[in-house]
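Reader: Hi! Could you walk me through a structure I have just opened? I'd like to start with its empty spaces and then look at some residues.

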Amino acid sequence: MLLRYLAKRLIYLVVVFIVISMLIFIVYRMVPGDPVMMHMNPEEARLPPAAFEVVYNEIRARLGLDRALPVQYGIWLSNMVRGDFGLSLSHNMPVTTVLQGPIMVTLQLNFIAMILVIIICVPLGISSAVKRGGIYDNTIQTVTLMGFSLPSFITAILFVMIFSVWLGLTPVSGFGNPLFAIQNPDATSWEIFLDRFPFMILPISVMVFMGLAGLTRLIRVSMIDALSQDYTRTARAKGLREGAVIFSHAFRNAQLPFVTAIAGAFIGLLTGSIILEELFSVSGMGRLFIDSLRTLDFNVALAISTIFTVLTLVGYLLLDFVYVLIDPRVKLE
């Protein structure tokens, strides 16, 4: 049963991935601008028309732009399956090499932010539901509504003004001391993390503030519904302690929509980090993605979009298995 379900889901994910990747590939090829001109040096651009056309066609052929669009996609897809995303023309090195540093930065930020979101939003949502209608509940609702309503760049600017400009507690931007690698060539991973930590506080704080909004409100609504059910009233009538009623009965039955929302929240953090990394000058995949679009480095942009797509699809596949673990009523079919 499990293997059959897994095989069906994998086939489904492959089909979805091909469709999405095809659309992404076409969109990037339709982006205004000429990649050939972007990668011509000034001397080549000033050549006489005949010589210019020869050089132009050579670069175009080297980039694979002289072939039909379906052929270009097929070549890119077959190379991508083998782990070859091509050459980054703006960095003049393989895309996989370019992505090694930024992908770890982005995953590190998002992983820490997601863990903090879960740790904070669960007790906030539960306590808000238990004390609904009071000052505490109204305060939580107001704060989370702000995080839900404000755009990420507005929230980032507010946090910079408060914590960096007014209070002077955190650096405004960057991701570590620029001289750290030169001064400490043999630094361990932990020492590198400690050097970057002060610069991580602001972007992670913004990501947590934005991620808390939807999840906290969802837990509150789910808990209010669970606390009003007959099984909760029966548990209280049996004389169980209030803590056991809340966590063993109410929260256990309110987990399913919360787990669903976690997957969406993580994806939201990944996509939202594109803007935040640019705002805070964090050298992650988000900033690299924007830079690659500016320079028309489509191989890098395609690789980043592909990674985001794969993470999303795999996340939803894992979500199906988590359903079974937390709710035996859900069957894999």
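Author: Happy to; we can go through the cavity and the pocket, then a helix crossing and a few residues. One thing to keep in mind is that this is a predicted model.

Reader: Thanks! How many cavities of 30 Å³ or more are there?

Author: The count comes to 1 cavity of 30 Å³ or more. The space in the largest cavity is about 30 Å³.

Reader: Which residues line the largest cavity?

Author: Its lining is made up of Phe17, Ile20, Ser21, Ile24, Trp76, Leu302, Thr306 and Thr309. Two helices, α1 (2–29) and α15 (298–326), each supply at least two residues of that lining. The most comes from α1, with 4 residues.

Reader: And what's the make-up of that lining by class?

Author: The lining of the largest cavity has 5 nonpolar and 3 polar residues, with no charged residues.

Reader: I noticed Trp76 in that list. Where is Trp76 found, and is it buried or exposed?

Author: Trp76 is found in helix α5. It counts as buried because its relative accessibility is 7%, and buried means under 20%.

Reader: What does Trp76 touch, leaving out residues up to four places away in sequence?

Author: Trp76 touches Ser21, Phe25, Leu302 and Thr306. Of these contacts, Phe25 is 51 residues from Trp76 along the chain, and their C-alpha atoms are separated by 9.1 Å. Ser21, Leu302 and Thr306 also appear in the lining of the largest cavity.

Reader: Nice, that ties together. On to the largest pocket: how much space lies in it?

Author: About 520 Å³ of space lies in the largest pocket. It is lined by 25 residues, and the closest to its centre are Arg29, Arg62, Leu63, Gly64 and Asn299.

Reader: Which elements give two or more residues to the lining of the largest pocket?

Author: Those are α1, α4 (49–62), α5 (69–81) and α15. The largest share, 4 residues, comes from α5.

Reader: If I were looking at the polarity of the largest pocket, what would I find by class?

Author: You would find 13 nonpolar, 6 polar and 6 charged residues in the lining of the largest pocket.

Reader: Changing topic, how do α6 and α10 cross?

Author: Helix α6 (residues 95–130) and helix α10 (residues 189–227) have axes that come within 5 Å and cross at roughly 35 degrees. The crossing of α6 with α10 is right-handed. In the contact between α6 and α10, there are 25 nonpolar, 6 polar and 2 charged residues.

Reader: I was also looking at Asn110. Which helix does Asn110 lie in, and is it buried or exposed?

Author: Asn110 lies in helix α6. With a relative accessible area of 0%, Asn110 is buried.

Reader: What is Asn110 in contact with, leaving aside neighbours within four places in sequence?

Author: Asn110 is in contact with Met207, Phe266, Leu269, Leu270 and Ser273.

Reader: Last one, I promise! What is the phi of Ser281, and where does Ser281 sit?

Author: Ser281 has a positive phi of about 55 degrees, although it is not a glycine. Ser281 is placed in the loop between α13 (255–279) and α14 (285–294).

Reader: And why does Ser281 count as partly exposed?

Author: Its relative accessibility is 24%, so Ser281 falls between the 20% limit for buried and the 50% limit for exposed.

Definitions and conventions
Residues numbered from 1 in each chain as written. Predicted model: local features only at pLDDT ≥ 70, side-chain atom pairs only at ≥ 80, totals over all residues. Heavy atoms only, no water. 1 Å grid on protein atoms, 1.4 Å probe; cavity = no way out; pocket = protein on both sides within 12 Å on 5 of 7 lines; lining within 4 Å. Points joined across faces, edges and corners; volume = space filled by probe spheres on them. Nonpolar A, V, L, I, M, F, W, Y, C, P; charged D, E, K, R; others polar. Axes fitted to C-alpha atoms, helices over the stretch in contact; angles between N-to-C directions. Left-handed = near helix turned anticlockwise from the far one by under 90°. Buried < 20%, exposed > 50% of the residue type's maximum accessible area, 1.4 Å probe, protein only. Contact = heavy atoms within 4.5 Å.
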